[in-house]
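Colleague: I should like to learn how the features of a model such as this one are read. May we take them in turn?

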Number of protein chains: 2
Amino acid sequence: MLSLVHITDRIRNGALTAEAAIALSTDAMRAREPGIGAFTHLARTPKPGSGPLAGVAVAVKDIIDTADMPTEMGVPAIYGGWQPKADAAIVAALRRAGATVIGKSTSTAFASSDPTTTRNPHGPAHTPGGSSAGSAAAVGAGMVPLALGTQTAGSVIRPASFCGAAAIKPSFRLLPTVGVKCLAWTLDTVGLFAAGTADLALALSVLSGRPMGPSGLRTPRLGLVRQRFAGAAEPDGEAALERAASLLSRAGAIVTEVEAPSSMADGWTVHPSIQDYEAFVANSWEYDTVRDRIPPNILANLEAGRAVGTAAYDEARRIANRARRDAGLLFDGIDALITYAAPGEAPRGLESTGDPRFNRIWTMLGAPCVSVPGLVGTSGLPIGIQVVAPFSRDALALEVGRFVEEALVQGV
Amino acid sequence: MLSLVHITDRIRNGALTAEAAIALSTDAMRAREPGIGAFTHLARTPKPGSGPLAGVAVAVKDIIDTADMPTEMGVPAIYGGWQPKADAAIVAALRRAGATVIGKSTSTAFASSDPTTTRNPHGPAHTPGGSSAGSAAAVGAGMVPLALGTQTAGSVIRPASFCGAAAIKPSFRLLPTVGVKCLAWTLDTVGLFAAGTADLALALSVLSGRPMGPSGLRTPRLGLVRQRFAGAAEPDGEAALERAASLLSRAGAIVTEVEAPSSMADGWTVHPSIQDYEAFVANSWEYDTVRDRIPPNILANLEAGRAVGTAAYDEARRIANRARRDAGLLFDGIDALITYAAPGEAPRGLESTGDPRFNRIWTMLGAPCVSVPGLVGTSGLPIGIQVVAPFSRDALALEVGRFVEEALVQGV
């Protein structure tokens, strides 16, 4: 993979020009893109800007508005060739930092689960996951050092796990969603994909305007949470989490198994009602006027959301608020949680983008989540470990992520 | 004014066709629009739909996307002729209910304070207020029975007060903001203007899918709050509030003066920092690429927001959260608050849209606010009374608003 920190360090040292850094990406894209199909649109003459991310080529998920490229929302039948007026706020932040939008990356239809044609860079017969399929694949394939995705259930952390990329789904609204096609307004979160946690920390610090450096944590106290309310992981996923726990203990972390409070299980249960209800409202125009062109999975979500009704939605929101209030209990005496990033390796076939069941509750809590690559399953495909920190402790999530990353590397 | 309830009742009774109801608006618009200028764009061949709002002509603030009319965001120099792809979710909800979007109503630039050319229907030398200038004026002039606005500081309640319309700024996110140009994402709230509180209740019930009927409250316990942290009202505004308190007591309400907790004063103080910071992020593309075409007041807001910085913004958000937590204290033992809707009558001249200082804190709290017309100032211009209920108690806010409305009518 292309490391953002490595690239920007070399540019600063004069060992690499920003133009040559962009060419690293365009060269890699020429080599890998034909077999992967991570992009829907490519910049014609990509040029570096100036700023802390000069020379960084970025893939932008195609539900995020760009003023200079079409934004087709994963549904070309409705949004084919659609050219927004303005950049999304997060795209403007990228350009302000000197980064180069190198292309638009594939999204499932309206960021739900109708698959893209993108292939997993570690196994072309496998899904890259979704909904941020192209962004995860582009980073995992070493085509770009940074990519934007969004997560409403598990659309950043899961594809990162499948594609062997590092990723962060930051605290709710740490990064702006203005100009991002809405799936569910109380859940939608802009996230980042990069080669490793240091790369994520640099990009998140620049884009959020907040320090993301380490605090000097030596022996993190980690709660291992299995999320039994979400069902069991696959054998590969379970083995990866146990292997990580063992390597983390060996590296000096204190790992204790913890149980989520029942309010969190309740929150997990109602997450789909909130997502579907809000998706139905957010996609009202599409549902009412061009329904026949809406792909089947998202259409089923919208129909389900229509059936939820306001009373059940309002009750689900109260349940979600209770889960958020109780989240502090889960972090009592520990620095961060480790859990499955996905049930296991990327499923075979492109029909399914995999299951977000181990991601949902953390999105609902608004807690920062990091997927740390470094382990593989029995088919040789990547499996990530998910780190979760309390709301607004994004720097801590990344610091613990870094610790996990180093522990996994030492174990290989 | 045109009463939505009266119109829909007459349509249901067969006394009026939906087409004739729409013609009531187009006729009134022909008569009043030339002297007021509430609209930026008119529907060519307005036709009624079917549903509970069939025959209801609606003015839609021009920062709210419409698939069949341009949406110029109050800044034609940047968004002139801009045609969005989709309807905003709230516009789709209107059409789903059978309402007719009769035209786009003027907005100040990006919903901030650069004035429109719209005139107050009760005095053409006076401002209609802002930012929802055209919507307030269109309802106040009797051109439409319903209009959409948005409030981030005081952009619904203040112009309603100035134009003699009833209005509700509902609880935060009761109505969806998807497809509405963002000014500040933690504050922006879609609101409604209509002739009276019963009209608002019908429209809000249909558009939100929640019951908005009365609970049968006979003797509301009202807290009169002067918001001393916001400075004094003008003599006309003070006289109106005192007159309302006296009429409400006479009508059987228990009116007690209450003081806002200090955390609320703190929240009020930091509201502009939150609004400006988020506006700077939300308008990043405009600021970075077409800055020379941004009107001066909103540009000053963006510059101020740029200067706020993330640390001060994060602290302001914590202060806002404390104010929200303490809001319960203010409602202890009372049903709702009454306070100024605006400092006084609409200022003379079109240069200023007036001051939102008595609206800010309630927008920050996310509490439902109703402006009830019925009083006038020394220049004969309308002055509204603002009713505030606890978060999510929109039906209560409207029920108390109805009580206030009847008390004011009895006093005239």
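Modeller: We shall go through the sheet, a helix pair and the contact between the chains, bearing in mind that this is a predicted model.

Colleague: In what order do the eleven strands of the open sheet in chain A run?

Modeller: As a general idea, strands of a sheet pair through backbone hydrogen bonds, either parallel or antiparallel. Here the order in chain A is β1-β3-β2-β4-β6-β5-β10-β11-β9-β7-β8, with mixed pairing. The edges are held by β1 (39-42) and β8 (254-258) of chain A; each has a single partner strand, so one side of each lacks a neighbour in the sheet. From one strand to the next, the twist averages 30°.

Colleague: In which sense do strands β9 and β11 of chain A pair, and over how many bridges?

Modeller: Strand β9 (residues 336-340) and strand β11 (residues 382-388) of chain A are antiparallel partners, joined over four bridges. Within this pairing, A:T339 has A:Q386 of β11(A) as its bridge partner. Helix α13(A) packs on the sheet, where it touches β5 (166-169), β9, β10 (369-376) and β11 of chain A. The direction of α13(A) makes about 5° with that of β10(A).

Colleague: At what angle do helices α7 and α13 of chain A pack?

Modeller: The angle between helix α7 (residues 197-208) and helix α13 (residues 394-411) of chain A is about 160°, and their axes are 9 Å apart. An angle over 145 degrees counts as roughly antiparallel, and α7(A) and α13(A) are therefore roughly antiparallel to each other. The crossing of α7(A) past α13(A) is left-handed. On the α7(A) side the contact is made by A:T197, A:A198, A:L200, A:A201 and A:L204, and on the α13(A) side by A:D394, A:L398, A:G401, A:R402 and A:E405. This contact has five nonpolar, two polar and three charged residues.

Colleague: By what turn can chain A be laid on chain B?

Modeller: A turn of 180° with a shift of 0.0 Å along the axis lays chain A on chain B, at an RMSD of 0.0 Å. That is the relation of a two-fold axis. In chain A, the residue that comes closest to the rotation axis is A:P84, at 4.1 Å (C-alpha).

Colleague: How many residues does each chain give to the contact?

Modeller: The size of an interface is often given as the accessible area lost when the parts come together. Here we count residues: 23 from chain A and 23 from chain B. On the side of chain A, α4 (89-96), α9 (262-282) and α10 (284-289) each supply at least two residues. That side comprises 14 nonpolar, three polar and six charged residues. Of the interface residues of chain A, 100% are also interface residues in chain B, so the copies meet through the same surface.

Methods:
Residues numbered from 1 in each chain as written. Chains lettered and ligands numbered in written order. Predicted model: local features only at pLDDT ≥ 70, side-chain atom pairs only at ≥ 80, totals over all residues. Contact = placed C-beta atoms within 7 Å. Nonpolar A, V, L, I, M, F, W, Y, C, P; charged D, E, K, R; others polar. Axes fitted to C-alpha atoms, helices over the stretch in contact; angles between N-to-C directions. Parallel < 35°, antiparallel > 145°, perpendicular 65-115°, else oblique. Left-handed = near helix turned anticlockwise from the far one by under 90°. Pairing = 2+ DSSP bridges. Least-squares fit on C-alpha atoms with pLDDT ≥ 70 in both.
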